[in-house]
Amino acid sequence: MRAAVIREYGSNDVVEIAEIERPEPVAGEVLVKVHAAGVNPVDWKIRGGVGQRMGMTLPIHLGGELVGTVEKLGSGVNTVQRGETVFGMVNTGAFAEYAVAKAVNLVRTPDNLDFIHAAALPLAGSTAWQALFDEAGLTPGIRLLVTNGSGGVGSLAVQFAKAVGAHVTAVASGRNERFVRDLGADDFIDYTSQPFEEAAGGIDIVLDTVGGETFHRAFKTLKKGGRMVTVVAFPDDEAERFGVSVKRSFTIPSGRNLTAIKELVEVGKVVAHIDTVLPLAEIKQALALSEAGRARGKIVLAIQG
Ligand SMILES: NC(=O)c1ccc[n+]([C@@H]2O[C@H](COP(=O)([O-])OP(=O)(O)OC[C@H]3O[C@@H](n4cnc5c(N)ncnc54)[C@H](OP(=O)(O)O)[C@@H]3O)[C@@H](O)[C@H]2O)c1
């Protein structure tokens, strides 16, 4: 079968589509025929060397989320069945014709979603979900600021927050104003035309998916006792100076989170926005597009029909 593989860390030059053995599911795993796989910044970060810091060993089969048909069950699996279409996160190997996944991390795809839109949800969706609800404790009426409302994570976070009745301020560039307002954002700040921290205040929760200077400046938008969750920065004791708290969220695969997201999708409250669809053979272009950092919503690889 064909799979996107790296045998060393580096630029896109190290990425190849290789012919490799089809993997075999062990206990608790299933083999999935992959229809589509979402591309995320973590994929090019792993390729560039972060894989080593994450404890991965070369060669690495790239790809962290998929939608596909269950082909074979490992022993002890009873939560999904052969022939079902499922979606979810995998540790590695989603950019391939077949992949193995832990059965507990897979959920049947919503009936109202095609493969491309389903593939866009698991990783960015779980990231937004865990940061907003598990880490920050978002509840109705809370004032939320999302530092990047137009990216894969932020565009879902805006919709999740609106679905529970939060008040959402989305930071994005002017070209994405219509997009984030259509997602449901109550307020919009164009970060390219003014410092966003001067235009926002009294915020209860900040979700930061940008990091760097944006992360530091976002503290100024929080009210005393407010909470910041970042999925990018590594916080120090800076939050204390502002009288707020900060947490770093690391996304873990979660069938439970995905089931909750699926319910919002099924009632039409959440839609993944697709920026670009490419075939597996164009994996380098897909990674380059993600790395350029301008995608509106998600980049997805269409793999097998
Ligand atoms: N900790 C974890 O477990 C975890 C999990 C998932 C993701 N992440 C990280 O979260 C980050 C975001 O991921 P993503 O998939 O949402 O990214 P993404 O989709 O690649 O983000 C692209 C979007 O960011 C916007 N953007 C670029 N610079 C910006 C800025 N300074 N302020 C506001 N918006 C800006 C771009 O629009 P414009 O160019 O028009 O502004 C574009 O729409 C990545 O670094 C990723 O690695 C971490």
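Visitor: Which residue of β2 does A3 stand opposite?

Guide: A3 faces A18 in β2. This is a predicted model, in which local features need pLDDT of at least 70, side-chain atom pairs count only at pLDDT 80 or more, and totals for chains, interfaces and linings use all residues. Residues are numbered from 1 along each chain as its sequence is written, and side-chain values use heavy atoms, with hydrogens and water left out.

Visitor: What makes β1 and β2 a pair?

Guide: Two strands pair if DSSP finds at least two bridges between them. Five bridges join β1 (residues 2–6) to β2, so the condition is met. Strands here are DSSP runs of E with at least two residues, and helices are runs of H or I with at least four, numbered from the N terminus.

Visitor: Why are β2 and β4 called edge strands?

Guide: β2 (15–19) and β4 (60–61) each pair on one side only. The open sheet has the order β2-β1-β4, with antiparallel pairing.

Visitor: Which order do the strands of the six-stranded sheet follow?

Guide: The order is β11-β10-β9-β12-β13-β14, in an open sheet with parallel pairing. Its edge strands are β11 (187–190) and β14 (245–248). Neighbouring strands are turned by 15° against each other on average, direction ignored. Strand β10 (residues 167–172) pairs with β11 over four bridges, and V171 stands opposite I189 in β11.

Visitor: What does helix α4 touch on that sheet?

Guide: Helix α4 (residues 152–163) touches β9 (143–146), β10 and β12 (203–208), where contact means heavy atoms within 4.5 Å. The direction of α4 makes about 165° with that of β10. Axes are lines fitted to C-alpha atoms, for helices over the stretch in contact, and angles run from 0 to 180 degrees between N-to-C directions.

Visitor: How do you know that G152 makes a polar contact with the ligand?

Guide: A polar contact is a pair of N or O atoms within 3.5 Å; within protein, one must be able to donate a hydrogen and the other to accept it, and residues adjacent in sequence count only if both atoms are side-chain atoms. A ligand oxygen is 2.8 Å from a polar backbone atom of G152, so this pair qualifies. For V153 the corresponding distance from a ligand oxygen is 2.9 Å. A backbone N or O atom of S249 lies 2.9 Å from a ligand nitrogen.

Visitor: How much of the ligand does the protein bury?

Guide: The ligand alone exposes 940 Å², and the protein buries 86% of that. Accessible areas come from the Shrake-Rupley method with a 1.4 Å probe; for residues, only the protein chains shown count as cover.
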